[in-house]
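User: I have a model open and want the reasoning behind its labels. Take me through it briskly.

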Amino acid sequence: MIEVKNVSFTYPNGVEALQRVSLTIRNGEFVAIMGQNGAGKTTLIKHFNGLLKPTSGEVLVDGVNTRKVSVATLARNVGFVFQNPDHQLFCETVEDEVAFALRNFGFKERTIKKRVAWAINLLDLTEYRKTSPFMLSGGERKRVALASVLAWNPKVVILDEPTIGQDHKQKERLRQFIVQLIAQRKTVIIVTHDVEFVAECNPHVVLMAQGNIVAEGDAKQMLTNPDLVTQASIVSPQITQIFLGLANLGLPTDLIDIHEAREALLNFLEVTS
Amino acid sequence: MSVFDGLRFRRVSSPIHRLDPRAKFFYVVVMFVIAVIFNELLPLIVLFLVQMPFVFVAGVQREWIRSLRGALFLAVMIFAFNFVFGYLSPGGIPGIEPPVDTLSEYLALLERSLTMALRFAVLVESFSVFFLTTSPDHLGLALEQSHVPYEFCFAFTTAVRFVPVLAEEAQTIMDAQKARGLELERGNFIKRVRNYIPILIPLIVSAIRRSLELAEAMESRAWGTTKKRTNLYVLKMRRADYALAFVSVLMLIFAVYVWRFISIPSLIAFLR
């Protein structure tokens, strides 16, 4: 469980990125943190593995105050996949890259071999095992970065902007992958601007603006509320926008899912004909 | 990164900031030459103090102190190396008849090592004042008006301008690797140096990628189409600039005179 209690954070250059933020993320929960650029999303998630320590207030990860332990200790349980894979790839082969963290955490060589093979297979990278990560495409590099974090099997997985630069097929794969992680009782936290992706995944949504949490609740509740959406400077999913526009026909306005929307339309046609 | 902080320009206005970069650069070169010709502690102390008013008039004390603090480690290394190797082969150091065994010889060695460290500090001091008070744009203009080919000027100003960007990127990379369990501060000296490999490789790769992207973006915006460029702003030497250049020349003449014709006492002898 991650507990954020009254956390404020000010960067050394004086920018106040978080103002008395409180939030609880339970084990096995799937959370999407959304909001405009500079809302404090990335600053907030960097507190979850101790990369940033609060200026005031405290962050507890499974009851441990992040101020009291090193990033490496926290990282053992909290995996963090950065937005840009190029900020972490440096090894000669994909295999070495995936093994890097395992070596840092002091796993035995035999276990490392097994875990690396498992993670590489999981992300469909087996054919690139011996390839240099720098030779891979953007999407593949992103998968290597993800594999390198999943390899040590952290309890919490944080993904910063996982859908940026991914084609539709990759996004769908990512979605299925997240579903899989949740089925394994992992906590998954994503930071994203991609409302369509969030609408498809249906997580618990936390909306942020100007260093504050504006609102939190289930995706449907958050993404179909025009006031909240405006406050967090995002737009509703296209399905919602269509149904909001058709509200005067008596159609429901709280839809984010394509299947639900089709259902609602069919019902409506049946009633009117 | 503190050494870089001491070289990073901040846009403020002061008489020093308004000076022509060419005049300032001439001053820095003069300082450099004077610092290098003297091997005695006294003139270097004078040189260090002479520059202080510049720092205060420019109002960059905080950044300047930070750059000196950043340079401290290297200065200490220079001191230590000079002391150790001066002890091992003291030939040529005034006041020492090898081997080093009397107190006055130890003091002479100490003074010599301090001099070398202080010389480094003086060089950092003057370069720091120059870069802290000169915007990259002005620097580029100054180079251009000194007939340096535009391609070189551009490369130079771009490099200067990208320093803070790279520093920020280095921080992100450090965060990303720490999140994968890398502990930079762990292990002995060799291990610690090796710990920086996962930081340096992504940083270099991304800098190269960035420069290629920049080149493509610029070429798509027709960079280098016109051979003769004109500038919106043209640098002009004013009275204050000539005054600085003149003072610099006087300082140089005076320094050369002292160096050639006056024997400078060692600080210890002076104090006695």
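Analyst: Start in chain B of this predicted model. Leu41(B), Leu44(B), Ile45(B), Leu47(B) and Phe48(B) of α4(B) contact α7(B). On the α7(B) side the partners are Glu111(B), Leu114(B), Thr115(B), Leu118(B), Arg119(B), Ala121(B), Val122(B) and Glu125(B). Sorted by class, the contact of α4(B) with α7(B) holds nine nonpolar, one polar and three charged residues.

User: What makes Thr115(B) and Glu111(B) part of the contact of α4(B) with α7(B)?

Analyst: Both are listed among the α7(B) residues that meet α4(B). The test is C-beta atoms, placed from the backbone, within 7 Å.

User: Why are α4(B) and α7(B) called roughly parallel?

Analyst: Helix α4 (residues 41-50) of chain B and helix α7 (residues 103-133) of chain B pack at about 25 degrees. Angles under 35 degrees count as roughly parallel. The pair therefore earns the label roughly parallel. Their axes are 9 Å apart, and the crossing of α4(B) and α7(B) is left-handed.

User: Why are α3(A) and α4(A) called oblique?

Analyst: The axes of helix α3 (residues 94-104) of chain A and helix α4 (residues 109-122) of chain A cross at roughly 125 degrees. Roughly perpendicular covers 65 to 115, and roughly antiparallel needs over 145. The angle fits neither class, so α3(A) and α4(A) are oblique. Their axes come within 9 Å. The crossing of α3(A) with α4(A) is right-handed.

User: Which residues bring α3(A) and α4(A) together?

Analyst: From α3(A) come Val94(A), Glu95(A), Val98(A), Ala99(A), Leu102(A) and Arg103(A). They meet Ile112(A), Arg115(A), Val116(A), Ala119(A) and Ile120(A) of α4(A). By class, that contact has eight nonpolar, no polar and three charged residues.

User: How do you know that the size of chain A agrees with a compact globule?

Analyst: For 273 residues, a compact globule would have a radius of gyration near 19 Å. Chain A has 20 Å, which agrees. Its C-alpha trace spans about 70 × 45 × 30 Å along the principal axes.

User: What makes up the contact between the chains?

Analyst: Chain A gives 20 residues and chain B gives 17 residues. On the chain A side, α2 (71-75) and α3 each supply at least two residues. That side divides into 12 nonpolar, six polar and two charged residues.

User: How is chain B divided into domains?

Analyst: The domain assignment gives domain 1 (1-134 + 237-272) and domain 2 (149-232). Their C-alpha centres are separated by 30 Å.

Key
Residues are numbered from 1 along each chain as its sequence is written. Chains are lettered from A and ligands numbered from 1 in the order in which they are written. This is a predicted model: local features need pLDDT of at least 70, side-chain atom pairs count only at pLDDT 80 or more; totals for chains, interfaces and linings use all residues. Axes are lines fitted to C-alpha atoms, for helices over the stretch in contact, and angles run from 0 to 180 degrees between N-to-C directions. Helices (H or I, at least four residues) and strands (E, at least two) are DSSP runs, numbered from the N terminus. A crossing is left-handed if the near helix is turned anticlockwise from the far one by less than a right angle, and right-handed if clockwise. Two residues are in contact if their C-beta atoms, placed from the backbone, lie within 7 Å. Ala, Val, Leu, Ile, Met, Phe, Trp, Tyr, Cys and Pro count as nonpolar, Asp, Glu, Lys and Arg as charged, and the others, Gly among them, as polar. Domain bounds come from an automatic or database domain assignment. The radius of gyration is taken over C-alpha atoms; the globule rule is 2.2 Å times the number of residues to the power 0.38.
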